[in-house]
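Dear colleague,

I am handing over the structure we spoke about, and I would ask you to look through it slowly before you read my notes. What I found is set out below, topic by topic, so that you can follow each point on the model itself.

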Amino acid sequence: MRLLSWNVAGLRAGPGPAGLGALGGDVICLQETRVTRDLLEEPLAMVDGYNSYFSFCRTRSGYSGVATFCKDSATPLAAEEGLSGLLAQPGKGGAVGCYGDLGAFTPQELKALDSEGRAVITHHRIRHVVILGDINTSHRPIDHCEPGDPEAFREHPGRRWLDGFLWVQDGPPGQGLFIDTFRLLHPSQPYAFTCWRIDTGARLTNHGTRLDYILADRALALAELRDARILPEVPGSDHCPVLAELAATFLPAHHCPPLCTRHMPEFAGTQQKLSRFLVRVERGASMTCQGAGAGRGCSIRRGRRPPRGQRDLLSYFRAAQGQLRTGTAPNALGQSRQEPAQDAPGHRTQEMAHDAARQGGQQEPCNGLVPRELMMGQAVGTQASCTAHWRTVLPGPAPPPCCLAHRQPCALRTVRKPGPNRGRRFYVCALPPGRPSDPRACCDFFRWASKGCS
Ligand code: ZN
């Protein structure tokens with residue numbers, strides 16, 4: 001049983017279906033999918049060999065959102081959104097239940113929490129509980145690159161909660177029902193981070209935090225845990241995936257629960273949707289083309305001419321000689337020379353792509369209609385001389401100093417902290433933060449910028 005958790009920071013820009021398949025988990029839990037239902041596309045919702053369960057943020061677009069992908073050999077018995085049961089659809093079945101004591105929250109608070117798309121619960125036939133995801137807290141100082149003052153670190157409310165929630169060997173009896181699987185197998189491994197700041201480039205120096213966990217109930221972890229790892233080599237997000245392998249195996253359910261994306265009307269019967277990509281080709285029409293730059297070997301014959309009296313699009317783009325020719329934008333105009341197939345929209349689309357590839361930058365000149373890209377192209381030509389002129393008038397700021405250790409140009413920053421220096425600018429080493437012994441990490445160079453630079 002291979003379990004994976006990954007904060008993907010955007011499912012559409014991130015790993016994609018192929019990436020998810022390559023991770024090879026029986027259950028893959030993704031956070032920050034940042035998709036809402038209207039943005040969920042079929043290739044992301046319907047990954048081959050998996051059934052998937054999404055919770056979307058209902059209050060903001062492109063924000064939070066989680067998804068659980070289960071291999072077909074690990075199909076859950078039930079699946080539901082949220083942690084409170086308020087989003088379970090009455091009468092539709094599939095709810096997991098077991099919400100615990102929710103008395104400390106009002107229904108409004110619970111609904112607001114579950115509307116953010118933060119949790120999916122799936123119920124499998126193993127009788128144990130595993131909690132996995134980005135819990136946005138580094139548990140111990142060893143899990144943080146800059147833990148700071150130990151007392152203040154420990155007093156953080158999220159850490160105190162984790163202290164009570166997690167089991168430790170020789171801890172108080174009865175405390176801690178769950179086990180941090182990574183720390184069970186690697187109790188003192190340093191620099192085991194799962195999240196790095198992007199703006200400082202800190203992944204290069206592994207200056208990060210461990211925020212992503214697979215927490216298994218004590219009985220399950222102690223009896224069945226075989227492996228627990230972080231996968232910092234997997235790119236695509238500011239977090240990396242984490243995994244746990246248990247000796248137990250899943251017993252799959254026979255049918256996917258109602259929350260499964262397969263039951264969403266927009267994805268039900270995907271074969272039907274494939275018809276969108278298929279094109280009716282008339283008898284006698286032929287299409288032979290090898291690769292993009294097929295040139296002469298390429299011939300396309302369309303089935304039907306426009307009816308008499310119907311004006312060809314060409315007439316709107318009559319060419320004149322000796323005018324602009326450049327760029328990719330005229331590909332769009334190039335289409336006007338084609339006679340659109342009347343019966344098959346897909347046919348025309350294919351031709352457009354074909355023409356764009358075939359014609360490359362050698363386009364018919366156009367008259368009257370100057371695409372925006374062409375205008376920008378012209379502007380670039382004149383802009384170069386303009387820039388040169390303004391450089392002589394306004395030379396701009398002096399180049400930044402180089403740091404002493406790396407001899408590299410420094411970064412200019414501004415004091416944001418409230419106080420007498422707020423707004424002042426200064427130079428520091430431009431390399432990412434890291435351990436002092438790491439030559440790839442920034443040195444301690446510091447210099448106030450002179451007033452001319454601010
Ligand atoms: Zn430096």
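How many aromatic pairs does the structure hold? There are eight aromatic pairs in it, and please keep in mind throughout that this is a predicted model. A pair of aromatic rings is described by the distance of the centres and the angle of the planes. For Y191 and F193, the ring centres are 6.4 Å apart and the planes meet at 75°, so this pair is edge-to-face, given that angles over 60 degrees fall in that class. The two partners differ in their surroundings, for Y191 is partly exposed at 41% relative accessibility, whereas F193 is buried, with a relative accessible area of 2%. Elsewhere in the chain, F54, F56 and F69 together form one aromatic cluster.

Rings also take part in another kind of arrangement, in which a charge is placed over them. R60 lies over the face of Y63, at 3.8 Å from the ring centre, and the charged end of R424 sits over the ring of W448, 3.8 Å from the centre of that ring.

The zinc site

Which residues of the protein are the donors of the zinc ion? They are C403, C429 and C443, each through its SG atom, together with H406 through ND1, and these donors lie 2.1 to 2.4 Å from the zinc ion. The angles among the four donor atoms run from 106 to 115°, and the site is tetrahedral. Ideal angles at a metal are 109.5 degrees for four tetrahedral donors. Along the sequence, the donor residues follow the spacing C-x2-H-x22-C-x13-C. H406 belongs to the loop between α11 (372-393) and β16 (411-414), while C429 belongs to the loop between β17 (425-428) and β18 (446-448), so the pair ties together parts that are 23 residues apart in sequence. Of these two donors, H406 is partly exposed, with a relative accessible area of 21%, which lies above the 20% under which a residue counts as buried, and C429 is buried at 4%.

The chain as a whole

When you step back from single sites, you will find 11 helices and 18 strands in the protein chain. The chain has 454 residues, of which buried residues make up 36%, and its accessible surface comes to about 26900 Å², with 55% of that belonging to carbon and sulfur atoms. Among the contacts in the chain with a separation of 6 or more, 65% are between residues 24 or more positions apart.

Some single residues to look up

M264 is a useful residue on which to see how distant parts of the sequence meet. M264 lies in the loop between β13 (242-246) and α8 (270-274), and it is buried, with a relative accessible area of 8%. Although M264 and A45 are 219 residues apart in sequence, their C-alpha atoms are 9.8 Å apart in space. Leaving out residues up to four places away in sequence, M264 touches R37, L40 and F56, and F56 is one of the members of the aromatic cluster mentioned above.

Is R125 buried or partly exposed? With a relative accessible area of 45%, R125 is partly exposed, and its place is in the loop between β6 (120-123) and β7 (130-134). Not counting residues up to four places away in sequence, R125 touches L77 and L251, while the C-alpha atoms of R125 and T75, which are 50 residues apart along the chain, are separated by 9.5 Å.

R160, by contrast, is found in a helix, namely α5 (residues 157-165), and it counts as partly exposed at 48% relative accessibility. Its contacts, leaving aside neighbours within four places in sequence, are with R154 and E155.

Finally, there are two residues whose backbone angles deserve a careful look. E32 has a phi near 50°, a positive value in a residue other than glycine, and E32 is placed in the loop between β2 (27-31) and α2 (42-45). N206 likewise is not a glycine and has a positive phi of about 50°, and N206 is found in the loop between β9 (195-196) and β10 (208-209).

With kind regards

Notes:
Residues numbered from 1 in each chain as written. Predicted model: local features only at pLDDT ≥ 70, side-chain atom pairs only at ≥ 80, totals over all residues. Heavy atoms only, no water. Phe/Tyr/Trp six-rings, centres within 6.5 Å; stacked < 30°, edge-to-face > 60°. Buried < 20%, exposed > 50% of the residue type's maximum accessible area, 1.4 Å probe, protein only. Lys NZ or Arg CZ within 6 Å of the ring centre and 35° of its normal. Donors = N, O, S within 2.8 Å, 3.2 Å for Na, K, Ca; no water. Tetrahedral: all angles 85-135°; square planar, octahedral: opposite > 155°, others 65-115°. Helix = DSSP H or I, 4+ residues; strand = E, 2+ residues; numbered from the N terminus. Contact = heavy atoms within 4.5 Å. Areas by Shrake-Rupley, 256 points an atom, 1.4 Å probe, with all protein chains shown as cover.
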